[in-house]
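Visitor: I would like a close look at a single helix and what surrounds it. Please take me through one part of this model in detail.

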Amino acid sequence: MRTYYVFITIQLSLVMGLRDYWIGTDTRQYVGIFLSQDTSFNGNGVAAYNFLSKTIWNLTNGNYHVFLLALSFLTVLFFILSLQKLKSDFFESFIAVFIYISFYFYFDSFNIQRQMLAVSIAMFATCFFIERKYLKALTFFLLAVGIHSTALIALLNFALIKIKKDKKSLVVSMIALSIMLANVNIILQLFTEIFSHYNMYISTVGSGSLAAGGGALILGLFFILIAGTAFFMTDAFSSKIYSFTFFATVLGSLFYIIGMNSQMLIRIADYFLIFAPVFIPRAIKKISNRFLQKNIVNCFCCAIVLITGLTIMTYKLLNNFGDIVPYSSDIRFWM
C-alpha cells in the first residue's frame, strides 16, 4: 500500500507540476503573482499561501517551475495522506484515486490550484478531527484557511462529524441546506462582505463567464444516486467514517444540483465532495456484500463508476474545461 501511495503521489504531482504556465485557466495569474510577489490580491485570506510563495521565490531566485511543482505536490500529497488516514484498503484506494482523477477533482487543480490545495489540506484536517486530535485538526484547518479563505466552509465538516447521524438528522440537514441554497444570492452576498475578492461571482448565478459548467447537475445526480442506493441497501450510519463520508457526499451533491449555475457554490461543494472518492468504493463494497454473488455485483458497480468517470473526463477534456488541452510541459525546468 505504501508503495502504491508513493508511486501515485509522484506520478500525479509530476504531471500537474511540470505543466507549462498556460496550462490551466488561472495558471498565468498564479505565475504572474508569484513573479511579482504581489501579496495584495486577496490579503485577507492567503497568509500561508503568500508565505509559501515568498519562501520558494527566495530559495529559487523566482523559479516559478518549482513553485508550480510544490503546489501540485502538496495538493496531491494531502489527498493521498487523507486516504491513508481514513484506512482505505488497496481496492478502496485504487477506486478513490480513479474517482479523484476522472471526476475532475485532480484536473480542477490545474486551474483553481490554490483552492484545491486548501481542499486537500482541509480534508487532512478533518481526518485528524475524526481521530479526535483536535489541536492538529485546528492547525491544518488554519493552514487551509491561510491558503484559501473558502476553507472556512470546512468547519461544517467538523459539525457533521459531531452530530448524531441518523435518518432524522439526514432529512433535517438536507432540508436546511436546500433552504439555504434556495437563498443563494443572500448567502453569497454575506460571504463577499467578508471576502470582497469574491464579488465577481455575485452576478454569475445563472449565466456569465464565471458561471459553473461541465455538467454539475449530472455529477450531483450521479453522486446522489450512489448515496441513495447505499442508504437503502446498507447501514449508512454503521461507522463514523462511513456515515460522515455519506453525509458529506449527499450535502456536496445538493450544492452541485441546486447551485449548478454558480461557480462559487460548486467551489464550496468541493469541501464536501472531496470525500466522495472515499465514500463510493466503501459503498460499493457494502452493497456487494448484500448479495450471494458479491464479486459479480462488485464488478458491475465498479464498471458503472469507471465508465461514468471515463465519460465525464473525456467530455470535459474534449471540451477543454480548465484550459488543460493541449497539455505541454516546459523542459527548461530541468536546465
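Guide: What follows starts with one helix and then moves outward.

This is a predicted model. Take helix α7, residues 113-130. The helix has 18 residues. From its first C-alpha to its last it reaches 26 Å, close to the 26 Å expected at 1.5 Å a residue. Is α7 enclosed or open? Of its 18 residues, 18 are buried, so α7 is largely enclosed by the rest of the structure. Just after α7, Arg132 takes a positive phi of about 65°.

Now one residue of the helix. Gln115 lies in α7. Its relative accessibility is 1%, under the 20% cut-off, so Gln115 counts as buried. Leaving aside residues up to four places away in sequence, Gln115 touches Tyr30, His148, Thr150, Arg267, Ile268 and Tyr271.

Next, the core. The largest nonpolar core has 107 residues. Its largest share, 13 residues, comes from α7. Phe103, Tyr106, Phe279 and Ile280 have the most contacts inside this core. Follow Phe279. Residues up to four places away in sequence are not counted here; Phe279 touches Ile226, Ala227, Ala230, Tyr242, Thr245, Phe246 and Thr249.

Helix α12, residues 216-233, holds Gly228. Gly228 has a relative accessible area of 25%, between the 20% and 50% cut-offs, so this glycine is partly exposed. Gly228 and Val250 are 22 residues apart in sequence. In space, their C-alpha atoms are 8.6 Å apart.

For a second helix, turn to α5, residues 90-102. At 1.5 Å a residue, its 13 residues should span 18 Å. The end C-alpha atoms of α5 are 18 Å apart, which agrees. Helix α5 is mostly covered, with 10 of its 13 residues buried. Among the buried residues of α5 are Glu92, Ser93, Phe98 and Tyr100. What do the buried residues of α5 pack against? They pack against α1, α4 (64-85), α6 (105-111), α15 (276-288) and α16 (294-318).

Finish at the surface. Phe90 and Phe94 form a nonpolar patch there with Met1. Together the three have about 300 Å² of accessible area. Met1 is found in the segment before α1 (2-17). With a relative accessible area of 39%, Met1 is partly exposed.

Technical notes:
Residues are numbered from 1 along each chain as its sequence is written. This is a predicted model: local features need pLDDT of at least 70, side-chain atom pairs count only at pLDDT 80 or more; totals for chains, interfaces and linings use all residues. Side-chain values use heavy atoms; hydrogens and water are left out. Helices (H or I, at least four residues) and strands (E, at least two) are DSSP runs, numbered from the N terminus. The expected span of a helix is 1.5 Å times one less than its number of residues. Buried means under 20% relative accessible area, exposed over 50%, partly exposed in between (1.4 Å probe, protein chains only). Patches are made of residues with over 30% relative accessible area and no salt bridge: like charges are joined within 9 Å, nonpolar side chains (Val, Leu, Ile, Met, Phe, Trp, Tyr) within 5 Å. Accessible areas come from the Shrake-Rupley method with a 1.4 Å probe; for residues, only the protein chains shown count as cover. A salt bridge is a side-chain nitrogen of Lys or Arg within 4 Å of a carboxyl oxygen of Asp or Glu. A nonpolar core is a set of buried Ala, Val, Leu, Ile, Met, Phe, Trp, Tyr and Cys residues joined through side-chain atoms within 4.5 Å. Contact means heavy atoms within 4.5 Å.
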